[in-house]
Structures are given as C-alpha cells and as structure tokens.
Amino acid sequence: SKTSLGRTPLPPTVSDRFHLGGPLQIPGFLPAGIGPRDTRTPNTVDCLSPGGDSIGGDVYYRTSLLASVPAFTGIIPDGRAFGFLTAGTCLQRASLPPKDAVASFLGSTRASVGVGFATTAMGGCRLEITYAVPLRYAPVDARRNFQLGVGISLG
C-alpha cells in the first residue's frame, strides 16, 4: 500500500507494538509476557519466556474488576489492600482468521486473580505489590506470581 506521498510505509518496529503483562497491567504475567513471540529465539534455561522473545501485537484489550479497602493506615497513611480479577489479550490482526475474528480475539484472553497492597511514595509514585495466580494462559506466556510495580502519574 502507498501513502499519500507515494512512499511505501515501513513495517512497524517492536517499539510501535503493544506489549502486555506486568504488575500494573496484567498481574501474574511478566512485562511483555503475553502476546506474539519470536519463535526463533533459543529456548534455553536462561530464557524468561518459554515461547521466545516478545515481538508485540497491534491489537489488545485489558479489563479489571478491583475491590480495595484501607489497610495498615497506622503505619502507612494511604495504604490500601485490594483484590482483583484481570483479563486481556495481545495479538496481531494478521493472526486472526477472517471468519470468526471476534471469537478468536476473545478466545485468546488471558486471566488472573489475586491480591495486593498499594501506597503512594515520594513524589506521588504508586508502589504496588501483588500476588496473582494466572487462571487462563498459554504455554508460551511468561508468568510470575509475586510482582512489585512502580507507577508515576504526570500532570
């Protein structure tokens, strides 16, 4: 396909793609632990992902159901304990069959359930520790039950 300037667009780079996983996205999975893999990556003992390195996808969704309550407020004034159910997927549109694309997309869903604790640290950073159990996963997904996450809100 040609662009309006008559040039053929370059294929997207790995940094242009979506990479799902990690404690602040889908707990129970490593960062970039869900989604398309480079199957040429050697599958060695050192490899974090059994299916190969993440190459990312061009379509994704993520949703969560979360309940939280104040916790340890005598020690940490804004501490919160929470429980969650999280689901999502990441894939390449080209891998979806033309027939039943929506069913295939939803059928690739990964899910986890767990508990965690979150608080605000210096400078407004969110610190979060989670324990999650993946309920639905593929053999190529990179999983981890305990995770520590740091989030920063700018603005």
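A pocket, in the sense used here, is an open set of grid points where a 1.4 Å probe fits, with protein on both sides within 12 Å along at least five of seven lines. In this predicted model, the largest pocket holds about 290 Å³ of space. Its lining is made up of 19 residues, and those closest to the pocket centre are L24, L66, F82, R126 and E128. Four elements each give two or more residues to this lining, namely β3 (59-70), β4 (80-91), β5 (110-120) and β6 (126-136). By character, the lining residues of the largest pocket divide into seven nonpolar, seven polar and five charged.

With the pocket in view, the overall layout of the chain is a helpful next step. The protein chain contains one helix and seven strands. Read from the N terminus, the order of these elements is β-β-β-β-α-β-β-β, so four strands come before the helix and three come after it. Of the 155 residues in the protein chain, 36% are buried. The accessible surface of the chain amounts to about 9,800 Å², and carbon and sulfur atoms account for 62% of that area. Contacts can also be sorted by sequence distance: among those between residues at least 6 apart in sequence, 57% join residues at least 24 apart.

The interior can be approached through its nonpolar side chains. In soluble globular proteins, nonpolar side chains tend to be buried together. In this model, the largest nonpolar core consists of five residues, L20, I26, F29, I34 and C90. One of these core residues, I26, has a varied set of partners: once residues up to four places away in sequence are set aside, I26 touches L20, G21, I34, R62, T86, A87, G88 and S112. Two of the partners of I26, L20 and I34, are themselves members of the largest nonpolar core.

T86, another partner of I26, offers a good view of strand β4, where it is placed. T86 counts as buried because its relative accessibility is 2%, and the cut-off for a buried residue is under 20%. Beyond residues up to four places away in sequence, T86 touches Q25, I26, P27, R62, T63, S64, R110, A111 and S112. T86 also lies 9.5 Å from G28, C-alpha to C-alpha, although the two are 58 residues apart in sequence.

G28 itself is found in the segment before β1. With a relative accessibility of 0%, G28 is counted as buried. Its contacts, leaving aside neighbours within four places in sequence, are with A132, P134, R143, R144 and Q147. The pairing of G28 with R143 spans 115 residues in sequence, yet their C-alpha atoms are 5.6 Å apart in space.

Strand β4 also holds L85, and here the exposure is of another kind. L85 counts as partly exposed because its relative accessibility is 39%, which falls between the limits of 20% for buried and 50% for exposed. Residues up to four places away in sequence aside, L85 touches T63, S64, L65, S112, V113 and L135. T63, S64 and S112 are thus touched by L85 and also by T86. L85 and A67, 18 residues apart in sequence, have C-alpha atoms 9.4 Å apart in space.

Backbone geometry brings two further residues to attention. Most residues other than glycine have a negative phi. A32, by contrast, has a positive phi, near 60°. This residue is placed in the segment before β1 (37-38), and its relative accessible area of 23% makes A32 partly exposed. F72 likewise has a positive phi, near 55°. The place of F72 is in the loop between β3 and β4, and F72 is exposed, with a relative accessible area of 54%.

A final stop is the loop between β1 and β2 (53-54), which holds R40. R40 is exposed because its relative accessible area is 70%, and the cut-off for an exposed residue is over 50%. The C-alpha atoms of R40 and G52 are separated by 7.0 Å, with their positions twelve residues apart along the chain.

Terms used:
Residues are numbered from 1 along each chain as its sequence is written. This is a predicted model: local features need pLDDT of at least 70, side-chain atom pairs count only at pLDDT 80 or more; totals for chains, interfaces and linings use all residues. Side-chain values use heavy atoms; hydrogens and water are left out. Buried means under 20% relative accessible area, exposed over 50%, partly exposed in between (1.4 Å probe, protein chains only). Contact means heavy atoms within 4.5 Å. Accessible areas come from the Shrake-Rupley method with a 1.4 Å probe; for residues, only the protein chains shown count as cover. A nonpolar core is a set of buried Ala, Val, Leu, Ile, Met, Phe, Trp, Tyr and Cys residues joined through side-chain atoms within 4.5 Å. On a 1 Å grid over the protein atoms alone, a cavity is a set of points where a 1.4 Å probe fits but cannot get out, and a pocket is an open set with protein on both sides within 12 Å along at least five of seven lines; lining residues have an atom within 4 Å of a point. Grid points are joined across faces, edges and corners, and a volume is the space filled by probe spheres set on the points. Ala, Val, Leu, Ile, Met, Phe, Trp, Tyr, Cys and Pro count as nonpolar, Asp, Glu, Lys and Arg as charged, and the others, Gly among them, as polar.
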